[in-house]
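Subject: A structure for you to look at

Hello,

I am passing on the structure we talked about, and I would be glad if you took a look. Please open it first and then read on.

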Amino acid sequence: MNDAALVAGLRAGDAAAFETLVRLYSAPLLRLARRFLDSEEDARDALQDAMVSVFRSIGSFESTSKLSTWLHRIVVNASLMKLRAKKRRREEIDIDEYLPRFLEDGHQVEPSQPWSESAETRLERDELRALVRESIDKLPETYRVVLHLRDIEELSTDETAEILDITPNAVKIRLHRARQALRALLDEHMK
Amino acid sequence: MSTCEDVISFLDDYVAETLPPEPRASFDRHLAACPSCVAYLGTYRETIRLARLTIEDIPAEVITAILTTLARNTTRT
């Protein structure tokens with residue numbers, strides 16, 4: 001079912017269209033909510049709230065936007081609303097401390113070393129995934145979410161910009177800095 | 001010739017192959033002579049690959065719960 005047919009079904013209140021929407025989009029939307037919210041329960045609640053909001057406001061969806069982009073925006077808003085109600089936030093790194101540093105002549109202050117192929121063999125696959133996930137969670141939210149949408153969900157720069165209501169250039173800058181900081185966080189485990 | 005700072009600052013464009021030919025050629029010349037930047041490039045690419053590995057599916061119960069909530073909302077309206 002394409003977007004136009006799905007939206008027409010949703011607008012007509014067709015239960016099958018809502019089920020299709022939920023089955024198609026719940027996974028990426030829950031993964032996105034998890035990037036904002038620490039607890040799985042909160043992330044699931046944010047997704048529920050977002051889906052109810054979609055159900056109620058499908059009439060206001062403008063087909064100039066992609067359905068997927070609109071859904072992602074609703075989840076971002078639902079997650080941010082939940083996040084604001086939380087007193088305790090996750091601990092985040094100062095990203096500037098994890099970016100490469102350079103000498104006046106442009107050389108790296110600390111020369112980089114390749115990662116050992118045996119590091120990946122040494123770590124069990126689940127262990128490696130947990131390490132990467134924990135490292136991503138340490139990135140500041142504005143960087144973590146961009147890295148998530150671009151490198152994990154593989155959305156385009158323009159779509160990510162529209163979801164987060166920032167410029168494509170801001171997406172590019174945040175993505176590059178997020179990758180560099182994540183690289184630095186993984187470095188000590190992968191040499 | 002490009003410096004390490006030039007190369008690393010634009011590594012995202014280099015990896016995405018969106019650099020114009022001239023700076024790309026200059027970066028390639030730098031990489032041919034700089035093992036540290038080669039290592040940085042390799043680990044930057046690995047970082048992107050490893051991030052992608054964290055993608056996971058969601059439990060079926062999440063979908064069931066949403067459908068139940070939506071059905072309740074439909075009944076109410």
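Below is what I found, going from the whole chains down to one residue.

One caution before the rest: this is a predicted model.

**The two chains**

Let me begin with chain A. Its secondary structure comes to 9 helices and 0 strands, so if you read along the sequence you simply meet one α after another, α-α-α-α-α-α-α-α-α. The C-alpha atoms of chain A fill a box of roughly 60 × 35 × 35 Å along the principal axes. Of the 191 residues in chain A, 36% are buried.

Chain B is also built from helices, with 5 of them and 0 strands. From the N terminus on, the order in chain B is α-α-α-α-α. Its C-alpha atoms take up a box of roughly 70 × 20 × 15 Å along the principal axes. The radius of gyration of chain B is 23 Å, whereas a compact globule of 77 residues would have one near 11 Å. Buried residues account for 25% of the 77 residues in chain B.

**Two domains in chain A**

Chain A is divided into domain 1, residues 3-84, and domain 2, residues 95-190. The C-alpha centres of these two domains of chain A lie 27 Å apart. Where they meet, 8 residues come from domain 1 and 9 residues from domain 2. On the domain 1 side, α2 and α4 (67-84) of chain A each supply at least two residues. By class, that side of domain 1 has 4 nonpolar, 2 polar and 2 charged residues.

There is also something to say about contacts within chain A as a whole. Among those between residues at least 6 apart in sequence, 67% join residues at least 24 apart.

**Where the chains meet**

How many residues of each chain are in contact with the other? The contact involves 40 residues of chain A and 32 residues of chain B. On the chain A side, the elements that give two or more residues are α2 (15-36), α3 (40-57), α6 (125-138), α7 (141-152) and α9 (168-190). This side of chain A has 21 nonpolar, 8 polar and 11 charged residues.

**A covered helix**

Do look at α7(A), one of the helices just named. This helix is mostly covered, with 10 of its 12 residues buried. Among the buried ones are Tyr143(A), Arg144(A), His148(A), Asp151(A) and Ile152(A). What covers them includes α2, α6, α8 and α9 of chain A, together with α4 (35-53) of chain B. After α7(A) comes Glu154(A), which has a positive phi, near 60°.

**One residue to zoom in on**

Finally, try Thr160(A), which sits in helix α8 (residues 157-164) of chain A. Is Thr160(A) buried or exposed? Thr160(A) is buried, because 25 other C-beta atoms lie within 10 Å, and 20 or more are enough to count as buried. Leaving aside residues up to four places away in sequence, Thr160(A) touches Val146(A), Leu149(A), Arg150(A), Leu155(A) and Val171(A). Of these, Val146(A), Leu149(A) and Arg150(A) are among the buried residues of α7(A). As for Ala46(A), which is 114 residues away from Thr160(A) along the chain, the C-alpha atoms of the two are separated by 19 Å.

Enjoy exploring, and best wishes.

Note on methods
Residues are numbered from 1 along each chain as its sequence is written. Chains are lettered from A and ligands numbered from 1 in the order in which they are written. This is a predicted model: local features need pLDDT of at least 70, side-chain atom pairs count only at pLDDT 80 or more; totals for chains, interfaces and linings use all residues. Helices (H or I, at least four residues) and strands (E, at least two) are DSSP runs, numbered from the N terminus. The radius of gyration is taken over C-alpha atoms; the globule rule is 2.2 Å times the number of residues to the power 0.38. Two residues are in contact if their C-beta atoms, placed from the backbone, lie within 7 Å. Ala, Val, Leu, Ile, Met, Phe, Trp, Tyr, Cys and Pro count as nonpolar, Asp, Glu, Lys and Arg as charged, and the others, Gly among them, as polar. Domain bounds come from an automatic or database domain assignment.
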